[in-house]
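Trainee: Please take a close look at one part of this model with me, starting from a single residue and working outwards. Explain each term when you first need it.

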Amino acid sequence: MKGEHLKRGDLKDGSADPGGYRERFETYRDILSERLDCSSAIRRLEQEKNLPDPARLYLYGFVPAILDFTDWTLKQAIRTGKQRLYFLSRDGWQMYLTALYLTRKRKLPIECRYLHVSRYCLRLPEYHLDFRQGMDKMCVGGIDVTLERILKRGGLTKEEAEEIAGRMGWQDRYREILNYRQVLELKQTLLGQEKLQEYIKKHSEHAYESTMGYLEQEGLLSDIPYAIVDSGWVGTLQQSLQTLVHSQRPDISVEGYYFGLYELPGEADPDAYHGFYFTPCTGLRRKAHFCNSLFEAVCSAEGGMTVGYIRKENRFVPVSEPSGNPNKEQLQRNQEALREFLACYGGENSQNADQHGSAILERLFAKLMARPAELEVEAFGNNLFSDDVRETSLKRVAAKLTEEEIQNQRFLNRLLIMAGIKKGTIHESAWIEGSIVKCGMQEEESETAVRKNLRHACLYKYIVYGRKQIRSWAAVKRKRNRNKRYAFCWKEGL
């Protein structure tokens, strides 16, 4: 069986293409044909280097996005008078390397720094500032959420977490996987645990001192105009940074530039969050054809997650997970490919990127992420990923699912299962489209079945992100109307 999503066949001209690779790469070259600056640099690398297929896919599918986002970020910074940009670990590492190259090449008056942070190491020190808000951040949904994982988000030791589970009578449910509704119900129980609050306060206050020392050392409490740069999605890192900075410098407002934003934290100022590829109120089609988990797994740094800071020789030094990034080998190849690309890339200006960039990225991601072939699934589907703040329970980004498990992901089936009307279990996948193609590869599903499952996956994203987009429109409108009323009252002296 031949097909873009399932089997590799021959080229259109009839010549043999047993791996299906040549046709796929020809498709990517066609998409990038209007971006001569990118395509010529990649073709030059292909001619000079014996690049493995995953590295070539990375160059065609991800590097144009990294380049365009970094270019956009630098322009935004110059336009708004920012003198320093902090690229957040680890998703900001490849953008940081690109920014260093572009600022040197164009002689831009912007200082680029790499900031070692994580959701965990920034949330923990802020929990004691507002315990209830801290519980809101601990008790969030995700893949395979358990009471154990929730308690570890609060910095509790193994012994402390088991003690709290015993006090709650949850010894036998300690590692039971919870759905979103159960997590919200559990939060109410946890709010009544005084011993839990005591433990969290202890760990939070201990982390606060070293975290603030690191942030001050790196200049986030200074008067230099700056912004942070990250992949994005919800913007909670900026919210945590804002809370910590405000605890000592309430006059400093933190701004952020993001590759994409699905939504904003509650009560966040929408004018302080800037999205490149999509925002909470825009880009529904782009969101439906995009996979943020895959983007994170591929566009990251090889080091481990930052878990805290220690003082060493009068400096605060970040402490990382010693195991490093589970996708270390591929990320090292990607970073080497990125460096070689930048060495071939001109970069004096970006007029070509401004004219065609966004439309080209849409076509690239729709192909690579939303309608992948075996080539992409084999290259990236086995990368390990965790959506938890402690990076526990690593899963393959394209989880191995059966046809029945994939059909349970469909919108109507999911609703019926969650309501208890239909029997079944919802097994999540960080890259569901990759899982669909992987299932077709392993179970010899027909191309029609694979295409149908991909359409349902896309439809589900349209529904989920469409609802979020409507809520975001309403929230931003309320926020700005409220600000207008405040401004009018202040002006009129009311």
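Mentor: Helices (H or I, at least four residues) and strands (E, at least two) are DSSP runs, numbered from the N terminus. This is a predicted model, in which local features need pLDDT of at least 70 and side-chain atom pairs count only at pLDDT 80 or more, while totals for chains, interfaces and linings use all residues. Residues are numbered from 1 along each chain as its sequence is written, and side-chain values use heavy atoms, with hydrogens and water left out.

Start with Thr 73, a residue of helix H4. Thr 73 has a relative accessible area of 1% and is therefore buried (buried is under 20%, exposed over 50%, partly exposed in between, with a 1.4 Å probe and protein chains only). Apart from neighbours within four places in sequence, its contacts (heavy atoms within 4.5 Å) are Leu 85, Val 229 and Tyr 257. To place those contacts, look at the helix as a whole. H4, residues 63-79, lies across strand S1 (84-88), strand S3 (226-233), S4 and S5. H4 runs at about 145° to S4 (axes are lines fitted to C-alpha atoms, for helices over the stretch in contact, and angles run from 0 to 180 degrees between N-to-C directions).

Those strands belong to an open sheet of five, in the order S2-S1-S3-S4-S5, with parallel pairing (two strands pair if DSSP finds at least two bridges between them). Its edges are strand S2 (111-115) and strand S5 (273-278), each of which has a partner on one side only. On average, neighbouring strands of the sheet are turned by 25° against each other, direction ignored. A second helix, H5 (residues 93-106), lies across S1 and S2 and runs at about 165° to S2.

Now follow the sheet to its S5 edge. Strand S4, residues 256-261, runs parallel to S5, and four bridges join the two. In one of these bridges, Gly 260 is partnered by Phe 278 in S5. Although S5 is an edge strand, five of its six residues are buried, so S5 is largely enclosed by the rest of the structure.

Pro 265 sits in the loop between S4 and S5. With a relative accessible area of 10%, Pro 265 is buried. Setting aside neighbours within four places in sequence, Pro 265 touches Val 234, Gly 235, Thr 236, Gln 239 and Tyr 273. Another residue to look at here is Gln 238, which is 27 residues from Pro 265 along the chain, with 9.3 Å between their C-alpha atoms.

Beyond the sheet, consider how helices pack on each other. The axes of helix H1 (residues 21-31) and helix H3 (residues 53-61) come within 10 Å and cross at roughly 20°. This makes H1 and H3 roughly parallel (under 35 degrees; over 145 is roughly antiparallel, 65 to 115 roughly perpendicular and the rest oblique). Their crossing is left-handed (the near helix is turned anticlockwise from the far one by less than a right angle; clockwise would be right-handed). Tyr 21, Phe 25, Tyr 28 and Arg 29 of H1 meet Asp 53, Arg 56, Leu 57 and Tyr 60 of H3. Seven of the nine residues of H3 are buried, so H3 is largely enclosed by the rest of the structure. Among the buried residues of H3 are Arg 56, Leu 57 and Tyr 60.

Set beside this the pair formed by helix H9 (residues 158-168) and helix H11 (residues 194-217), whose axes are 10 Å apart at an angle of about 160°. H9 and H11 are therefore roughly antiparallel, and H9 passes H11 in a left-handed crossing. Glu 160, Glu 163, Ile 164 and Arg 167 of H9 make the contact with Lys 195, Leu 196, Tyr 199, Lys 202 and His 203 of H11.

Last, the cysteines. The count of disulfides is zero (a disulfide is a pair of cysteine sulfur atoms within 2.5 Å). Cys 344 forms none because the closest cysteine sulfur, in Cys 38, is 12 Å from its own, too far for a bond. Cys 344 is buried, with a relative accessible area of 18%. Cys 439 is buried as well, at 2%, and its sulfur is 17 Å from the closest cysteine sulfur, in Cys 291, which is also too far for a bond.
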